[in-house]
Amino acid sequence: MPAPSWLTGWFLIRRELPRYRRLILGLLSFLLPIAAWCFVSYVPSVWHPDVKLTLAATSDRMNAVFTAGNRLSRDFFPSYQKAIRDDNADTLTARAAGSAPGSKRANRLLLRQIAPVAVKNGWLSRDKEQDDNAIYRIWNDLASGAKVAATPSLTEENLAIVRANWSILAAASPVFDAAKLPDQPLLKLIPQGVPSNPVYLPAPDEVIAAARNDFTAPAIGDAPTMAGRYRHSLQIIFLGFFWSCIVGVPLGILCGVYDFFSKLLEPFVDFFRYMPAPTFSTLLVAVLSANDAPKIALVFIGTVFQMVLVVSKTTRLMDPALLEAAQTLGTKPRQMITHVVLPGILPNLYNDLRILLGWAWTWLVIAELVGVKSGLTGFIDTQGTFRNFERVFPIIILIGVTGFVTDQFLAWLHGIFFPWAGTSDRFSRAVANAVAWPVRTMVAGVRRISAPSDL
């Protein structure tokens, strides 16, 4: 039985696939990595070597302090829970002996242990995590059953602890009063958690939530907003690339046209391009100070030498028959470049610059660490130091999306700017014709006016 038609014809040697199949494969190239990320993150039995804390506690038996949101190894998590249970056992033993040491301040801090659960369940906003009056009411509601935790839920063991603690709190005062908090130590809630990827691979929902918070957060003090950081990074990239074009394109054309400039400049350029641009960062800061100038200069150094060589090669690939024809007609050297070479290489030069702009994006992270950290990279560096990788991923994705969208937009413009190059689609040719129509109409009108009348 022959295979269905939609299963055949995918692997064509040196032939282009139909447009709808190219579209399907293009979408899959993005969807498959996202699907793999979701599969690893949300299927519990696949990997999840860590536990992400939804409820944390502090124990003197441990040398570390954990808070909700921290990740622990799956093997260590039971030991952490056991340490808290042992603390509670000691508290109960001391109470029975009538010698339980405690303090109002310690109990006040312990009450806030429920705050992350309250925030996740929507009972408390993040800016109210230390609102003791609200937290006190939540303990009352949980003990009475007026509130039931759903995301995350509380174990029966912790609900029993909530009720036991509230019986002591209610006997002291039914409403929060710091002066009336009991000195008798309360029991600690047992740590809870959910299976989790390691800290360096947060789940997609964590990344989306962090991105929403960071990109909607208002400016605090002198710290820029995320939109301000984004604009700053774009400025660094495009200014550095602009100066690279100003220097690199003319030199590349000269090297491609005149052997004199090729032999004079290309050996040094070819040598210099192997020097890592970051090695000049200290020198750039010393010469240009620690503001944006050394960052722009680093992007310039990272792209200009490759640009000279790429543009010179593109220039040499131009059809020599055009040059010979121009020389036969008596074209001067200056006219040869402006009227023959530049128009002849322009479509390919445009593609070269588009590809080199993508190369410039690879220097952004290094450039923004030169001198004073700034822009998106400054945020990445700060959050990475504190291991807040769910806040790092959105910035990495933003940089990739910006570069990709810019490249695709410029590729589309190529068909509009250079419809004769044979790479434009039907829509691009229509736009090019629409833009060119007023010019053609104006030229035709001028010709009619200036033409002699037929008498």
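Contact here means that heavy atoms lie within 4.5 Å. In this predicted model, local features need pLDDT of at least 70 and side-chain atom pairs count only at pLDDT 80 or more, while totals for chains, interfaces and linings use all residues. Residues are numbered from 1 along each chain as its sequence is written, and side-chain values use heavy atoms, with hydrogens and water left out.

With that meaning of contact, Met307 touches Phe241, Ser244, Cys245, Gly248, Val249, Leu353 and Leu356, not counting residues up to four places away in sequence. Met307 and Phe241 are also among the residues with the most contacts inside the largest nonpolar core, which has 54 residues; such a core is a set of buried Ala, Val, Leu, Ile, Met, Phe, Trp, Tyr and Cys residues joined through side-chain atoms within 4.5 Å, where buried means under 20% relative accessible area with a 1.4 Å probe, protein chains only. Apart from it lies another core, of 41 residues, including Leu55 and Phe66.

The rings can be followed next. Rings of Phe, Tyr and Trp (its six-membered ring) pair if their centres lie within 6.5 Å, and the pair is stacked with planes under 30 degrees apart, edge-to-face over 60 and tilted for the rest. By this rule the count comes to 19 aromatic pairs. One of them joins Trp37 and Phe393, a tilted pair at 6.0 Å centre to centre with 35° between the planes. Phe272 and Phe305 form another tilted pair, with 4.5 Å between centres and 35° between the planes. Because its relative accessibility is 15%, Phe272 counts as buried, and Phe305 counts as buried because its value is 14%.

Conventions. Buried means under 20% relative accessible area, exposed over 50%, partly exposed in between (1.4 Å probe, protein chains only).
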